[in-house]
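Subject: Structure handover

Hello,

Here is the structure for you to take over. My notes on it come after the display.

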Amino acid sequence: MQLLCFRAPYPLFFHHTRAFSSMAPTTTSSSAAAAAVSRAVTTKASLRGVVFDMDGTLTVPVIDFPAMYRAVLGEEAYVKIKSENPSGIDILHHIETWSPDKQKRAYEIIADFEKQGSDRLQIMPGASELCEFLESRNIRRGLITRNVKEAVDLFHLKFGKVFSPALSREFRPYKPHPAPLLHICSNWDLQPNEVMMIGDSLKDDVACGKRAGAFACLLDETGRYDAPEYEDVKFKPDYKVSSLLEVRSLLEKNFELTS
Ligand SMILES: [Mg+2]
């Protein structure tokens, strides 16, 4: 008799073994075991679309966000807001209530930092390979960013592959609101649970994905989200990778990939 025992390679909230998560290791015969395996295989979720974040996910992170926040908010306010928001500062949200003049100046500073980022734009290792894999399976490919449309246009030009729809911050409300992801699902005529959001931000990408009812995959290159301060966040990713190179096997293992 062979008992089936599946063990998750990550902490519980990272369901690398989602397709098997409902199985209890209580099987008592080999035929039952075979049936259970068959059931597990056939209950893999269908995945028909992947939506990517841009900065820090499809492109190598080059924007110095802490420096940008300091420049916009001033040192004192930055320190205060940072201590009140351990999972990250939502700079666009903070400046939304400012006076028009102050807001204009803030957007100029942000645009300047984003321009510096665009000038040094590099495609993330594994991004091309992953996109080619998705193409080979006819999986749709979209993009949601809090950056501006010009940056998305530049990215498309440099990358040579098109993401459609590609929503920039001109689309309101932006991430972490689920609206942009729901808009893409509707455009694709897919349910959110047939779509995965992949991004490097817990507070923006994972929150947007989970709020919309999609799968969420966190790209954490440095392991920074392993820190205790992130243990109690409201929206947790279904999967976590340290490189886009890991995503293909994750998708093949856990999903029925259908167009
Ligand atoms: Mg990002």
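What follows is a short account of the fold, the core and two of the helices.

Please keep in mind that this is a predicted model. The chain contains 10 helices and eight strands. Of its 259 residues, 34% count as buried. Among contacts with a separation of 6 or more, 61% are between residues 24 or more positions apart.

Core and strands

The largest nonpolar core has 45 residues, and V51, L143, L181, M196 and C217 have the most contacts inside it. Another core, of six residues, lies apart from it; M68, Y69, V72 and I89 are among its members.

V51 belongs to strand β2, residues 49-52. Leaving aside neighbours within four places in sequence, V51 touches G142, L143, I144, L181, I184, V195 and M197. Within β2, G49 and V51 point one way while V50 and F52 point the other way, and all are buried. β2 pairs with β3 in the parallel sense over four bridges, with V50 opposite R141. β2 also runs parallel to β5, and four bridges join these two strands; here F52 stands opposite I198.

Helix α9

Helix α9 covers residues 202-212, and 10 of its 11 residues are buried, so the helix is largely enclosed by the rest of the structure. The buried residues include charged ones by name: D204, D205, K210 and R211 are on the list, along with L202, V206, A207, C208, G209 and A212. What covers them includes β3 (140-144), α8 (179-188), β5 (195-199) and β6 (215-219). After α9 comes G213, with a positive phi near 95°.

Helix α5

Helix α5 takes up residues 100-119; at 1.5 Å a residue its 20 residues should span 28 Å, and the end C-alpha atoms are 28 Å apart, which agrees. Which residues of α5 are buried? They are I110, E114, G117 and S118. These four cover an arc of only 90° around the axis, which puts them on the same side of α5. The general background is that an α-helix has 3.6 residues a turn, so residues three or four places apart point the same way. On the other side of α5, D101, K102, K104, E108, D112 and D119 are exposed. The cover over the buried residues of α5 includes α2 (65-73), α4 (91-95) and α7 (149-159).

Regards

Conventions
Residues are numbered from 1 along each chain as its sequence is written. This is a predicted model: local features need pLDDT of at least 70, side-chain atom pairs count only at pLDDT 80 or more; totals for chains, interfaces and linings use all residues. A residue is buried if 20 or more other C-beta atoms lie within 10 Å of its own, exposed if 12 or fewer, and partly exposed in between; C-beta atoms are placed from the backbone. Two residues are in contact if their C-beta atoms, placed from the backbone, lie within 7 Å. A nonpolar core is a set of buried Ala, Val, Leu, Ile, Met, Phe, Trp, Tyr and Cys residues joined through C-beta atoms within 7 Å. Two strands pair if DSSP finds at least two bridges between them. The expected span of a helix is 1.5 Å times one less than its number of residues. The arc is that of the directions from the helix axis to the C-beta atoms.
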